[in-house]
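User: Hey, got a minute to walk me through this one? I'd like to start with the DNA side and then look at the packing.

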Amino acid sequence: MAPTKDTKKRTQRRKKDPNAPKRALSAYMFFANENRDIVRSENPDVTFGQIGRILGERWKALNAEDKEPYEAKAAADKKRYESEKELYMATHATE
DNA sequence: GGCGTGATTGTTCGG
DNA sequence: CCGAACAATCACGCC
């Protein structure tokens, strides 16, 4: 099932690990990186109120092929985190 | 062997 | 400064 949105208000940002590898970014993050300047450039009138909403709308508006670069980076970033987590695990184990 | 959980990531915007 | 919608994530630990 979904991560029970009820669990609690997200963005709790609580630390629990010594070196906290901080997982990785998300496709949205990479996509947003390119959209923030694009969408906002095409919608200089819309503010977070709209942009934020619009951003997400068109994010999905793209096709798997469009998200390709975003998903690709997402996976790439994940590997990034994977390395830190690996070390984090090592440090955690061998300590 | 399958499940749920939490933590996190980045943008925009404003008071 | 931080949070809040917007979305994805997905590794982690556990019985």
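Analyst: Sure, here's a quick tour of the contacts, the annotated domain and the core; bear in mind that this is a predicted model.

User: Which residues come nearest to DNA strand C?

Analyst: R23, Y28, F48, K78 and K85 come nearest, out of 17 residues around the strand. On the DNA side, sugar and phosphate make up 70% of the strand C atoms that come within 4 Å of the protein.

User: And what sort of residues make up the surface near strand C, nonpolar, polar or charged?

Analyst: It's a mix: seven charged, six nonpolar and four polar.

User: Which helix gives the most to that surface?

Analyst: That would be α2, with six residues. Helices α1 (27-42), α2 (48-61) and α3 (64-93) each put in at least two.

User: OK, polar contacts. What does R23 reach on strand C?

Analyst: A sugar or linking oxygen, which sits 2.5 Å from a polar side-chain atom of R23. W59 also has a polar side-chain atom by a sugar or linking oxygen of strand C, at 3.2 Å.

User: What about S26, what's its partner on the strand?

Analyst: A base nitrogen of strand C, with a polar side-chain atom of S26 2.9 Å away from it.

User: Switching topic: what does UniProt list for residues 21-89?

Analyst: An unreviewed UniProt entry gives that span as "domain: HMG box". In the model, residues 21-89 are 81% helix and 0% strand, and the C-alpha atoms at the two ends lie 9 Å apart.

User: Now the packing. Which residues are in the largest nonpolar core?

Analyst: There are 11 of them: A27, F30, F31, A32, V39, V46, I51, L55, W59, Y70 and A74. The elements giving two or more residues to this core are α1, α2 and α3, and α1 gives the most, with five. W59 turns up again here: this core residue also has that polar side-chain atom 3.2 Å from a strand C oxygen.

User: I'm also curious about N35. Is that one buried or exposed?

Analyst: N35 counts as buried, because its relative accessibility is 7%, and the cut-off for buried is under 20%. N35 is found in helix α1.

User: So where does its side chain go?

Analyst: The N35 side chain reaches the backbone nitrogen of A32 at 3.0 Å.

User: Which residues does N35 touch, if I skip those up to four places away in sequence?

Analyst: R40 and L55. L55 is one of the core residues listed above.

Technical notes
Residues numbered from 1 in each chain as written. Chains lettered and ligands numbered in written order. Predicted model: local features only at pLDDT ≥ 70, side-chain atom pairs only at ≥ 80, totals over all residues. Heavy atoms only, no water. Near = heavy atom within 4 Å. Polar contact = N/O pair within 3.5 Å; in protein donor to acceptor, adjacent residues only side chain to side chain. Helix = DSSP H or I, 4+ residues; strand = E, 2+ residues; numbered from the N terminus. Nonpolar A, V, L, I, M, F, W, Y, C, P; charged D, E, K, R; others polar. UniProt positions renumbered as here; feature names shortened; annotations may be inferred. Core = buried A, V, L, I, M, F, W, Y, C linked by side-chain atoms within 4.5 Å. Buried < 20%, exposed > 50% of the residue type's maximum accessible area, 1.4 Å probe, protein only. Contact = heavy atoms within 4.5 Å.
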